[in-house]
Amino acid sequence: MKIVFISDTHGKHAALQLPEGDMLIHAGDVSSRGTLPQIQQFLDWFEKQPFKYKIFIAGNHDFLAEREPYTVESLIPTNCIYLKNNGIEIEGIHIWGSPITPWFYDWAFNRHRGKPIAKYWDMIPKNTDILVTHGPPFGILDETVTGFKVGCEELNKQLKNLNVKIHVFGHIHEAYGVKKVGETTFINASVLDINYKLSHKPIVQEI
């Protein structure tokens, strides 16, 4: 299974050049301000991409997905899969996704650190092969341009109880890249840089 990973397109999806693959996974922030027209525009594009499977989660910019979840869910094309603190099995691969990120200026899907956010990570099944979260775990591809590590400590703790093969996220644009830690490949798939310019390429992995 050849999987193409992207994140943080913020409405600039049409300018992406996607490599061929079997599955396309978007790790959130499909829009810039999470309005209905912006979400719809992304879904129209996502639906047309030539992948057998297309999966996405929301991010902290995708306000409508939190404020009017039923509206967004009603718009999702039949050939696309939207994950929100739930999972799916595809050809024997178990995938689980969540839009939750640590609190930051009251953006969408923000939860306070510690117990309030830990309860979401407790939901991740033990048999998860691919974990899709909008934000990174603490200390892994989470360093901002100012040098601060802003990933989620509770998510990092929970990962030690799992045997995830691939963990993909975005959120921190400047931390784009791939890092192998133990048996897990971590991917920050943010395609936009810190200045919101399309500077990073989609990341491809085989599983």
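1. Two strands are said to pair if DSSP finds at least two bridges between them. In this predicted model, strands β1 and β13 meet that condition, since they pair in the antiparallel sense over 4 bridges, and one place to look for this pairing is Lys2, which stands opposite Glu206 in β13.

2. Before reading further, it is fair to ask how confident the predictor is in this chain. The mean pLDDT of the chain is 98, and 100% of its residues reach 70 or more. Among the elements of the chain, helix α3 (residues 69-75) has the lowest mean pLDDT, at 97, whereas strand β2 (residues 23-26) has the highest, at 99.

3. The pair β1 and β13 belongs to an open sheet of 5 strands, whose order is β4-β3-β2-β1-β13 and whose pairing is mixed. Strands β4 (81-82) and β13 (203-206) stand at the edges of this sheet, and because each has a single partner strand, one side of each is left without a neighbour in the sheet. Helix α1 packs on this sheet, where it touches β1, β2 and β3 (53-56), and the direction of α1 makes about 155 degrees with that of β3.

4. A second open sheet should be looked at separately: it has 6 strands in the order β5-β6-β9-β10-β12-β11, again with mixed pairing. Its edge strands are β5 (86-90) and β11 (177-181), each of which pairs on one side only. On average, neighbouring strands of this sheet are turned by 15 degrees against each other, with direction ignored.

5. Within the sheet of 6 strands, β9 (residues 130-133) is a good strand to follow residue by residue. On one side, strand β6 (residues 93-98) and β9 pair in the parallel sense over 4 bridges, and the bridge partner of Trp96 in β9 is Leu131. Strand β10 (residues 166-169) and β9 also pair in the parallel sense, over 3 bridges; here Ile130 stands opposite Ile166 in β10, and Val132 has Val168 as its bridge partner in that strand.

6. Are the faces of β9 covered or open? In a regular strand the side chains alternate between the two faces of the sheet. Both faces of β9 are covered, with Ile130 and Val132 buried on one side and Leu131 and Thr133 buried on the other. The connection that follows deserves attention too, as β9, helix α5 (residues 153-159) and β10 make a right-handed β-α-β unit.

7. Which residues touch the most other members of the largest nonpolar core? They are Phe56 and Trp121, in a core of 43 residues. At least two residues of this core come from each of β1 (2-6), α1 (36-48), α2 (63-67), α4 (115-121) and α5, and α1 gives the most, with 5 residues. Apart from this core lies another, of 20 residues, among them Phe5, Ile25, Ile55 and Ile203.

8. Trp121 can be examined through its contacts, leaving aside its neighbours within four places in sequence: they are Ser98, Ile100, Thr133, Cys152, Glu154, Leu155 and Gln158. One of them, Thr133, is a buried residue of β9.

9. A last point concerns Asn161, which has its place in the loop between α5 and β10. Because its relative accessibility is 45%, and partly exposed covers the range between under 20% for buried and over 50% for exposed, Asn161 counts as partly exposed. Although Asn161 and Lys126 are 35 residues apart in sequence, their C-alpha atoms are 7.6 Å apart in space.

Note on methods
Residues are numbered from 1 along each chain as its sequence is written. This is a predicted model: local features need pLDDT of at least 70, side-chain atom pairs count only at pLDDT 80 or more; totals for chains, interfaces and linings use all residues. Side-chain values use heavy atoms; hydrogens and water are left out. Buried means under 20% relative accessible area, exposed over 50%, partly exposed in between (1.4 Å probe, protein chains only). A crossover is right-handed if, with the strands pointing away from the viewer, the path from the first strand over the helix to the second runs clockwise. pLDDT is the predictor's confidence in each residue, from 0 to 100. Axes are lines fitted to C-alpha atoms, for helices over the stretch in contact, and angles run from 0 to 180 degrees between N-to-C directions. A nonpolar core is a set of buried Ala, Val, Leu, Ile, Met, Phe, Trp, Tyr and Cys residues joined through side-chain atoms within 4.5 Å. Contact means heavy atoms within 4.5 Å.
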